[in-house]
Amino acid sequence: MSRADDRLAKATRALEAPNPTQVELKGAVTDAYYALFYALIDLTIALIAPGPADLEALLARTFEHKTMKVAAARVSDPRWASPALRRTLGLEPTSDQDAYPSQLAEVGKAFKDLQEARHKADYDRQHTLSETSAAFWVTSADNALTQLRSIAGDPRLRAFCWMLLLGEKLTSAR
């Protein structure tokens, strides 16, 4: 089982507990976010920098939550990539082909929303969660993982993976 699957399973188990506490519900939201976070990191490493396990582990530590959130927010807008950047990423610079598959827009939105929900769950002491809202976030992560797996072979994913890793540095490439 992957780290993503482990975190999603942990989130699901927390929701299955009878009368889950706020700590359990908030933990489920955090685990749901990290399921998607780890899946995106693992996908990026597999697509752009597979190598020895110790180097992959080192690379995994370079990902930043904020950079990944910006990338996730941009995937629904294919216009972010200039023609030069599209060439750099191996995309047709002037084609009408979207920079990203439509399923990835759903993944990006889920990641951005889950990160915001996790921040509330982890840092807002006044925030309380219902079982229904915690279940919504776990389902959102599960759906995003399904969407991500459905497009695993799409070559346009590499562009998104580079964005997850390099963020604004990549968008300023000429």
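What percentage of the 174 residues in the protein is buried? I looked that up before anything else, and the answer is 44%. Note to self: this is a predicted model.

**Overall layout**

I went through the secondary structure next. I get 9 helices and 0 strands. Reading from the N terminus, the order is α-α-α-α-α-α-α-α-α. I then checked how far apart in sequence the contacting residues are. Taking contacts with a separation of 6 or more, 77% are between residues 24 or more positions apart. For the surface, I have about 9300 Å² accessible, and carbon and sulfur atoms hold 53% of that.

**Salt bridges**

On to the charged pairs. Side chains of opposite charge can pair when their charged atoms come close. I find 9 salt bridges in the structure. I looked up three of them in detail.

*Arg7 and Asp31.* The closest N and O atoms of this salt bridge are 2.7 Å apart. I wanted to know where the partners sit: Arg7 is in helix α1 (residues 3–16) and Asp31 in helix α2 (residues 22–48), so the pair links distant parts of the chain, 24 residues apart. Is Asp31 buried or exposed? I have Asp31 down as buried, because its relative accessibility is 5% and the cut-off for buried is under 20%.

*Lys109 and Asp113.* These side chains form a salt bridge with an N to O distance of 2.5 Å. Both belong to helix α6 (residues 102–123), and being 4 residues apart puts about one helical turn between them. I checked the accessibility of each partner. Asp113 is buried at 16% relative accessible area, whereas Lys109 is exposed at 51%. The cut-off for exposed is over 50%, so Lys109 at 51% makes it into that class.

*Arg118 and Asp122.* Here I read 3.0 Å from N to O for the salt bridge. This pair is in helix α6 too, again 4 residues apart, which means about one helical turn separates Arg118 from Asp122. Arg118 is buried, with 5% relative accessibility. Asp122 comes out as partly exposed, at 35%.

**A network**

Which residues are joined into one network by salt bridges that share partners? I noted Lys69, Lys109, Lys112, Asp113 and Glu116. Lys109 and Asp113 are the pair I logged above at 2.5 Å.

**Wrap-up**

My short version: an all-helix listing with 9 helices and 0 strands, 44% of residues buried, and 9 salt bridges. From the pairs I followed, Asp31, Asp113 and Arg118 go into my list of buried charged residues.

How values were computed. Residues are numbered from 1 along each chain as its sequence is written. This is a predicted model: local features need pLDDT of at least 70, side-chain atom pairs count only at pLDDT 80 or more; totals for chains, interfaces and linings use all residues. Side-chain values use heavy atoms; hydrogens and water are left out. Helices (H or I, at least four residues) and strands (E, at least two) are DSSP runs, numbered from the N terminus. Buried means under 20% relative accessible area, exposed over 50%, partly exposed in between (1.4 Å probe, protein chains only). Contact means heavy atoms within 4.5 Å. Accessible areas come from the Shrake-Rupley method with a 1.4 Å probe; for residues, only the protein chains shown count as cover. A salt bridge is a side-chain nitrogen of Lys or Arg within 4 Å of a carboxyl oxygen of Asp or Glu.
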